[in-house]
Amino acid sequence: MKKINLLYICLAALVYGPVQAKKTNPVKAVSITPVSVVADGDSLRVALNIRTERLKVRTREGFSMQPSIENGAHSLSMPRVEWTGRQRYKFDRRDRTIYPDVTYTEPYARYTPVRKNNTYMTDYAVAVPYQPWMADASLFANYACHDCCSVVPLDKNLITGDLGLTEPEPAAPEVWSADPSRIPQMVCFLTPQVEAVKSRSENVSAFLNFKRGSYVIYEDFSNNPAELRKVDELLTSVIGQQHITVSAIQITGYASPEGTYASNDILSRNRANSFKSYATQKYNLQQYTIYTANVPEDWDGLIELLKQTNPVYKDKIFEIINSSTTMDGRESKIIALQGGAPFREMLEYLFPKLRRIEVRADYVVDAIAEKDLRDILFTRPGLLSLEEMYRVTKEYTPGTREYREVYEIAARIYPNDVIAANNAAAAAILMGDLTDAKFYLNKIADDPRSFTNQGVVAYLEGDRERAADLFSRAAATGDAQGNTNLQWVK
């Protein structure tokens, strides 16, 4: 079959005119709302909200939007936003490594891979040097698509006409006590321990429907197709996959509290065993260790749902649960509460969410060769330890977007890890992004290991007193970098 890729679509839009382009032009998926365009000191600050919906970009192709300010013969291009297919991103990155291009600049934002059903929001904020010709200039959006060999311009749309700017007053002399050139020596990157055994667990909940009186799994019954897809995504991601050794699979059947405990015990156990048989046959799991368990009445799950939904009768239900047991008439007391209205509401809206099958896969990640670390970082980072992720940073220059991206991925995969948050903050500081740095540091503000980087942020913000205090506290814990920084700010 003849494959029509995005580049051919772009060429067709140029050759055959607006009738055909209307059907396929990816520009239609992008909407831009100007927030502000102001002259501030010696800078022109542009803020846009960029929203992308139902954009289709094939894996080997890319699509971009680049704002520009234009007035007659004068023009200035600003950083672009890219939506790039997974393979296109890998190919472009490889080419830039093999054939460095000094003219290449990183985009303001890049989204890869691009999923058609996703909505992508970009808060675009850029400052450029102000020039007098910009006062009555216009702001445009320039679109283009590209593949391996060429870039094809698409539409050029007006964002804002005559800007009507008032030439700014000369910027007042800036009083700056910090020395930004020292920042690379001041930030603190923590070193994680080597993870000797990389044990992992992943789990999903499937809210399956069963025919009356049956425990058989029917794949096409009711909403079962959507629920079984969640299980399929989990099991196919670990069964027979490179670098993964599955140690056990746990299948747990849950039932809601209505009815007798004995019947719920049989119900939840039979459904767990039925799902075990189904999964074993469908995924050829005979050689794997599979455990089954059951929860006849999921009171813990009900408590969590009540906390989330916060109905007016929540506290009364909690009192009954905490003061009685299943064998002590807990259910009958709830049924009697307020004439049974709370029970009927929970029976309709909350209990169905308790009837489920939970599947958990426990596995160990094998040793990964050095040459494969970078590819896995960008495809399945959860297989890497922090220490392995940080080895990838050796391929990039500190202070670059690529260097920072490694630490951001690590912080996303290990959201509760102090080292991951601290190092993501350090990488953000090197890029001059104190907002993101403070976001990460606020999560670990009470941990002494973060004091040095908190001090660097305070130093850059001109608060030398707070910076000195944080460096002093870091030095008191034996942090040599904190002590060095303290000498610089005195």
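**Spaces and helix packing in a predicted model**

Helix H7 (299-309), helix H9 (330-336) and helix H10 (341-349) each contribute two or more residues to the lining of the largest cavity. Please keep in mind throughout that what we are looking at is a predicted model. Let me stay with this cavity for a moment, before I come to the pockets and then to the helices.

How many cavities of 30 Å³ or more does the count give? It comes to 1 cavity, and the space in the largest cavity is about 40 Å³. If you would like to find the place in the structure, look for the residues around it, which are Pro257, Glu258, Trp299, Leu302, Glu331, Ile334, Phe343, Met346 and Phe351. Sorted by class, this lining holds 7 nonpolar and 2 charged residues, with no polar ones.

Helix H7 also takes part in a helix pair, and I would like to spend a little time on that. In general, two packed helices are described by the angle between their axes and by the distance between the axes. For H7 and helix H8, which covers residues 314-323, the axes come within 10 Å and cross at roughly 160°. Angles over 145 degrees count as roughly antiparallel, and therefore H7 and H8 are roughly antiparallel to each other. Their crossing is left-handed. On the H7 side the contact is made by Trp299, Ile303, Leu306 and Lys307, while H8 brings Lys314, Ile317, Phe318 and Ile321. The residues of this contact divide into 6 nonpolar and 2 charged, and no polar residue is counted there. You may notice that Trp299 appears both in the lining of the largest cavity and in the contact between H7 and H8.

Now to the pockets. The largest pocket has a volume of about 1200 Å³. It is lined by 28 residues, and the closest to its centre are Ala109, Arg110, Arg401, Glu405 and Glu408. Several elements each supply at least two residues of this lining, namely helix H3 (86-98), strand E6 (109-111), strand E7 (119-129), helix H11 (373-379) and helix H13 (401-413). Which of them gives the most to the lining? That is H13, with 7 residues. By class, the lining of the largest pocket has 12 nonpolar, 3 polar and 13 charged residues.

The second largest pocket has a volume of about 560 Å³. Here too 28 residues form the lining, and those closest to the centre are Arg80, Glu82, Tyr104, His146 and Val151. Two or more residues of this lining come from each of strand E3 (62-71), strand E5 (81-84), H3, strand E8 (138-146) and strand E9 (151-160), and you will recall that H3 also supplies at least two residues to the lining of the largest pocket. The classes in the second lining are 11 nonpolar, 6 polar and 11 charged residues.

Finally, let us return to H13, which packs with helix H14 (residues 418-430) at an angle of about 155°, their axes being 8 Å apart. That angle makes H13 roughly antiparallel to H14, and the crossing of the two is left-handed. H13 makes the contact through Tyr403, Arg404, Tyr407, Ala410 and Ala411, and H14 through Ala420, Asn423, Ala424, Ala427, Ala428 and Leu430. Divided by class, the residues of this contact are 9 nonpolar, 1 polar and 1 charged.

How values were computed. Residues are numbered from 1 along each chain as its sequence is written. This is a predicted model: local features need pLDDT of at least 70, side-chain atom pairs count only at pLDDT 80 or more; totals for chains, interfaces and linings use all residues. Side-chain values use heavy atoms; hydrogens and water are left out. On a 1 Å grid over the protein atoms alone, a cavity is a set of points where a 1.4 Å probe fits but cannot get out, and a pocket is an open set with protein on both sides within 12 Å along at least five of seven lines; lining residues have an atom within 4 Å of a point. Grid points are joined across faces, edges and corners, and a volume is the space filled by probe spheres set on the points. Helices (H or I, at least four residues) and strands (E, at least two) are DSSP runs, numbered from the N terminus. Ala, Val, Leu, Ile, Met, Phe, Trp, Tyr, Cys and Pro count as nonpolar, Asp, Glu, Lys and Arg as charged, and the others, Gly among them, as polar. Axes are lines fitted to C-alpha atoms, for helices over the stretch in contact, and angles run from 0 to 180 degrees between N-to-C directions. Angles under 35 degrees count as roughly parallel, over 145 as roughly antiparallel, 65 to 115 as roughly perpendicular and the rest as oblique. A crossing is left-handed if the near helix is turned anticlockwise from the far one by less than a right angle, and right-handed if clockwise. Contact means heavy atoms within 4.5 Å.
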